[in-house]
Structures are given as structure tokens and as C-alpha cells.
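Colleague: I would like to learn how to read a fold from its contacts, its core and its pockets. Can we work through an example together?

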Amino acid sequence: MRDEFVEAVLSVVELVPPGCVLAYGDVAELLGAGGPRQVGSVMSHHGSHVPWWRVIKASGGAPDGLESEALAHYLDEGTPLRGKPGEGSWRVDMQRARWAPDDAELDSVDVVADELWERRHGPRARMSDPDDGIQP
């Protein structure tokens with residue numbers, strides 16, 4: 001796994017606020033690189049120093065083997081859950097808990113994604129302005 005991808009994934013994970021989650025594929029989509037398996041691999045090998053419990057399966061399931069530890073974090077952070085922990089199966093309520101970054105947060109994600117692109121491919125060509133600078 002390339003260092004720049006690992007660093008980018010971990011940087012995005014650090015942006016996810018308490019009580020919110022992203023699916024592995026969401027992280028890849030925000031970065032415009034990799035996919036759910038690649039993000040999962042980064043998290044399993046390098047994610048112990050970031051809030052790893054905030055990146056989960058699209059179904060809302062906690063990372064395998066870490067369910068109890070993740071649940072403690074979810075309860076502490078007030079992450080919306082489905083089912084009753086301790087009384088049967090449970091999972092994160094993805095509809096309510098999925099992080100929807102605001103514009104400022106998206107700007108932070110874009111900085112990470114742009115840096116990843118530049119480290120992999122060189123400077124990005126500037127996108128053209130669809131309005132071509134025309135003022136209303």
C-alpha cells in the first residue's frame with residue numbers, strides 16, 4: 001500500500017466528528033481513490049492511532065473482532081444505533097450516523113484529496129470555470 005494513500009485515508013478519518021461514521025467506500029469516494037477494500041486494509045494495518053471506530057461496513061457493522069471496543073466508543077459519543085446492545089444484535093444506524101460534511105469540512109477533505117492526487121500524479125490541471133468568469 002502506498003504511503004500517500006495510507007496518510008490520506010488516516011487524515012480523512014481524523015476529520016470525522018464524534019458520533020458520526022463513514023463506510024469504507026465513503027472514505028474512498030471522498031478521496032477519489034481506492035475502494036472499500038483498500039480503505040479497510042489501511043484501517044486494519046495503520047488505523048490504531050485514529051478514531052478507527054468511525055469507519056465501518058456499509059451495513060453499519062463494527063470492524064470484525066472489535067465490536068465490543070467499538071460499541072463502548074459509540075455509546076460514549078452518542079452514535080445512533082439500531083437494535084439494543086446487550087440484548088441481541090445491534091449496528092450503527094447509517095442513515096442517521098453517516099457523516100455529511102458541510103462546506104468547510106469538504107474543503108478540508110479536498111485538501112487531503114488534492115495532496116494525494118499531486119503526490120501520485122503531479123499537480124492537477126486547473127478545472128475550467130463553467131461560467132468562464134461571467135458575472136451575473
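Modeller: Start with the term we need: two residues are in contact when heavy atoms lie within 4.5 Å. Note also that this is a predicted model.

Colleague: Let us apply that to one residue. Leaving aside neighbours within four places in sequence, which residues is Leu22 in contact with?

Modeller: With such neighbours left aside, Leu22 is in contact with Val12, Val16, Val27, Leu30, Arg54, Val55, Ile56 and Trp99. Leu22 lies in strand β1, residues 22-23. Take Ile56 from that list: Leu22 and Ile56 are 34 residues apart in sequence, yet 6.3 Å apart in space, C-alpha to C-alpha.

Colleague: Is Leu22 buried or exposed?

Modeller: Buried means under 20% relative accessible area. Leu22 has 2%, so it is buried.

Colleague: Now the whole chain. What pattern does the chain follow along the sequence?

Modeller: The chain has six helices and four strands. Read along the sequence, they run α-β-α-α-β-α-β-β-α-α. Buried residues make up 41% of the 136 residues. Of the contacts with a separation of 6 or more, 59% are between residues 24 or more positions apart.

Colleague: How should I read a single helix?

Modeller: An α-helix has 3.6 residues a turn, so residues three or four places apart point the same way. Now look at helix α2, residues 24-31: Tyr24, Asp26, Val27, Ala28 and Leu31 are buried there. The cover over the buried residues of α2 includes α1, β1, α3, β2 (55-56) and α6 (103-121).

Colleague: What follows α2?

Modeller: Gly32 does, and its phi is positive, near 70°.

Colleague: On to the core. How many residues does the largest nonpolar core have?

Modeller: A nonpolar core is a set of buried residues of certain types, joined through side-chain atoms within 4.5 Å. Here the largest has 39 residues. Val9, Leu31, Val39, Met43 and Tyr74 have the most contacts inside it. Helix α1, residues 3-15, gives the most to this core, with seven residues.

Colleague: Leu31 has come up twice. Which residues is Leu31 in contact with, leaving aside neighbours within four places in sequence?

Modeller: Phe5, Ala8, Val9, Val12, Val112, Ala113 and Leu116.

Colleague: How many aromatic pairs does a search of the whole structure find?

Modeller: Two. Trp52 and Trp53 form an edge-to-face pair, 5.5 Å centre to centre, with 85° between the planes. Both Trp52 and Trp53 are buried. For the other pair, planes over 60 degrees apart count as edge-to-face. The rings of Tyr74 and Trp90 have centres 6.0 Å apart and planes at 70°, so this pair is edge-to-face. The pair links distant parts of the chain: Tyr74 sits in helix α4 (residues 67-77) and Trp90 in strand β4 (residues 90-92), 16 residues apart. Tyr74 and Trp90 are both buried.

Colleague: Last, the empty space. What is the volume of the largest pocket?

Modeller: Rolling a probe the size of a water molecule over the atoms shows where empty space is left. The largest pocket here has a volume of about 270 Å³. It is lined by 14 residues, and the closest to its centre are Tyr24, Met43, Ser44, Pro63 and Leu66.

Colleague: Which helix gives the most to that lining?

Modeller: Helix α3, residues 36-46, with five residues. The lining of the largest pocket divides into six nonpolar, six polar and two charged residues.

Note on methods. Residues numbered from 1 in each chain as written. Predicted model: local features only at pLDDT ≥ 70, side-chain atom pairs only at ≥ 80, totals over all residues. Heavy atoms only, no water. 1 Å grid on protein atoms, 1.4 Å probe; cavity = no way out; pocket = protein on both sides within 12 Å on 5 of 7 lines; lining within 4 Å. Points joined across faces, edges and corners; volume = space filled by probe spheres on them. Helix = DSSP H or I, 4+ residues; strand = E, 2+ residues; numbered from the N terminus. Nonpolar A, V, L, I, M, F, W, Y, C, P; charged D, E, K, R; others polar. Buried < 20%, exposed > 50% of the residue type's maximum accessible area, 1.4 Å probe, protein only. Phe/Tyr/Trp six-rings, centres within 6.5 Å; stacked < 30°, edge-to-face > 60°.
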